[in-house]
Amino acid sequence: MTPMDDAPSSSALPPLLDGVTVVVAHPDDEVMWFSSVLARARRIVVAFGDIPSRPDYSAGRREAIAQFPLPGLDALMLTESEAYFAAAWPDPQPSAAGLQVRRDDDCMPGFSARRYRENYDRLVEALRPRLQDAAVVCTHSPWGEYGHEEHVQVFRAVDALRQELGFRLFFTNYVSNRSQQLFARYVARLPEAAFTLRTDAGLCKALMGLYKRTRCWTWYDDYQWPEQESFIEWLGDDRAAAKGGQSYPMNFIRLQTAGKPRRTRFSIGAVRHAVADLRDRVRG
């Protein structure tokens, strides 16, 4: 990638990102992966809201959205497929909707493979008018940061619209011990990081506090943000491979090997959704 004339410092938002549109899967993803640009984002689109097996989280997210302190928040409130941990990590396979997913003992209670497939089309249709006039969009990485199936799905939907609408697409440099194998499939196709910015410590603290007060914070309670995050431009699978022989800055998250930051409480609603998913699989 050709270096930009206005090469940014680690603390100033480059003109390229002034008025950026940020698209994330879940409430709290925006501050987890994009805190450095949120304060000057033109629009912050959050895809999912309701979680069938966790009505308490659904209600908490609505409270958090109502109290969100930044302008430009656009919550689509699509129903989650609860696909977290439904792919074959650490070596998941791609699908038209994001990743191939299936039910096993690690799945969330309300997991629906059918909803995961259908959510891809819902995302593309809902995002198209919101990205129609966007020049630059920041969204999840193709490996889903620490490894989340719905993050990968949102990336795929936004990338499809990039090809249709022509905006520039960036993601940040977070990866984990779960997602590193998927990241390795992409690294040869990635250009060097375009710029590095300081994470916004004050905003991180404020938004973490908001999500904790509304009982819908989904990450580690003692999580410490890195001082900086780097932005990588996605040029598409058909572009030339990146040059070799260079170091690559990554923010590596070490996930717990036992116990993961996930929502696990079982409910009658989860039973109904599990039965519905089984019925879908039998029919299909």
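Helices (H or I, at least four residues) and strands (E, at least two) are DSSP runs, numbered from the N terminus. Residues are numbered from 1 along each chain as its sequence is written, and side-chain values use heavy atoms, with hydrogens and water left out. This is a predicted model, in which local features need pLDDT of at least 70 and side-chain atom pairs count only at pLDDT 80 or more, while totals for chains, interfaces and linings use all residues.

**Whole chain**

Start with everything shown. The protein chain has seven helices and 11 strands. Of its 284 residues, 55% count as buried. Buried means under 20% relative accessible area, exposed over 50%, and partly exposed in between (1.4 Å probe, protein chains only). Contact means heavy atoms within 4.5 Å. Among contacts in the protein chain with a separation of 6 or more, 78% are between residues 24 or more positions apart.

**Stop 1: helix H4**

Select residues 149-165. This is helix H4, with 17 residues. From first C-alpha to last it reaches 24 Å, close to the 24 Å expected at 1.5 Å a residue. The expected span is 1.5 Å times one less than the number of residues. H4 is mostly covered, with 13 of its 17 residues buried.

Now pick Asp 159 and Arg 162. Both lie in H4, three residues apart, about one turn of the helix. They form a salt bridge, with the closest N and O atoms 2.6 Å apart. A salt bridge is a side-chain nitrogen of Lys or Arg within 4 Å of a carboxyl oxygen of Asp or Glu. Both Asp 159 and Arg 162 are buried.

Step off the end of the helix. Gly 166 follows H4, and its phi is positive, near 90°.

**Stop 2: more salt bridges**

A search of the whole structure finds 16 salt bridges. Select Asp 18 and Arg 40, whose side chains meet in one of them (3.1 Å, N to O). Asp 18 lies in the segment before E1 and Arg 40 in the loop between H1 and E2, so the pair ties together parts 22 residues apart in sequence. Asp 18 is partly exposed at 44% relative accessible area. Arg 40 is partly exposed too, at 40%.

Next, Arg 168 and Glu 233. Their side chains meet in a salt bridge (2.9 Å, N to O). The pair links distant parts of the chain: Arg 168 in strand E7 (residues 168-172) and Glu 233 in strand E10, 65 residues apart. Arg 168 is partly exposed at 31% relative accessibility, whereas Glu 233 is buried at 6%.

Then select Arg 43, Asp 74 and Arg 130, which are linked in a network of salt bridges.

**Stop 3: Glu 82**

Go to the loop between strand E3 (73-79) and strand E4 (94-95), where Glu 82 is found. Glu 82 is buried yet has no salt bridge. The nearest side chain of opposite charge, Arg 115, is 5.5 Å away. For charge, Lys and Arg count as positive and Asp and Glu as negative; His and the chain ends are not counted.

What does the side chain of Glu 82 make a polar contact with? The partner is the side chain of Ser 53, at 2.7 Å. A polar contact is a pair of N or O atoms within 3.5 Å; within protein, one must be able to donate a hydrogen and the other to accept it, and residues adjacent in sequence count only if both atoms are side-chain atoms. Not counting residues up to four places away in sequence, Glu 82 touches residues including Ile 51, Met 108, Phe 111 and Glu 150.

Pro 90 lies in the loop between E3 and E4 as well. A cis peptide bond joins Trp 89 and Pro 90, with omega about 10°.

**Stop 4: helix H2 and Thr 214**

Select residues 55-66, helix H2. Tyr 57, Ser 58, Gly 60, Arg 61 and Ala 64 are buried here. They cover an arc of only 165° around the axis (taken from the directions from the axis to the C-beta atoms), which puts them on the same side of H2. On the other side, Pro 55 and Ala 66 are exposed. What covers the buried residues includes strand E2 (43-50) and helix H6 (201-213).

Add Thr 214, in the loop between H6 and strand E10 (228-234). Thr 214 is buried at 2% relative accessible area. Leaving aside neighbours within four places in sequence, Thr 214 is in contact with Gly 60, Glu 63, Ala 64 and Gln 67.

**Stop 5: two positive phi values**

Asp 28 has phi near 100° and is buried at 1% relative accessibility. Glu 145 has phi near 55° and is buried at 0%.
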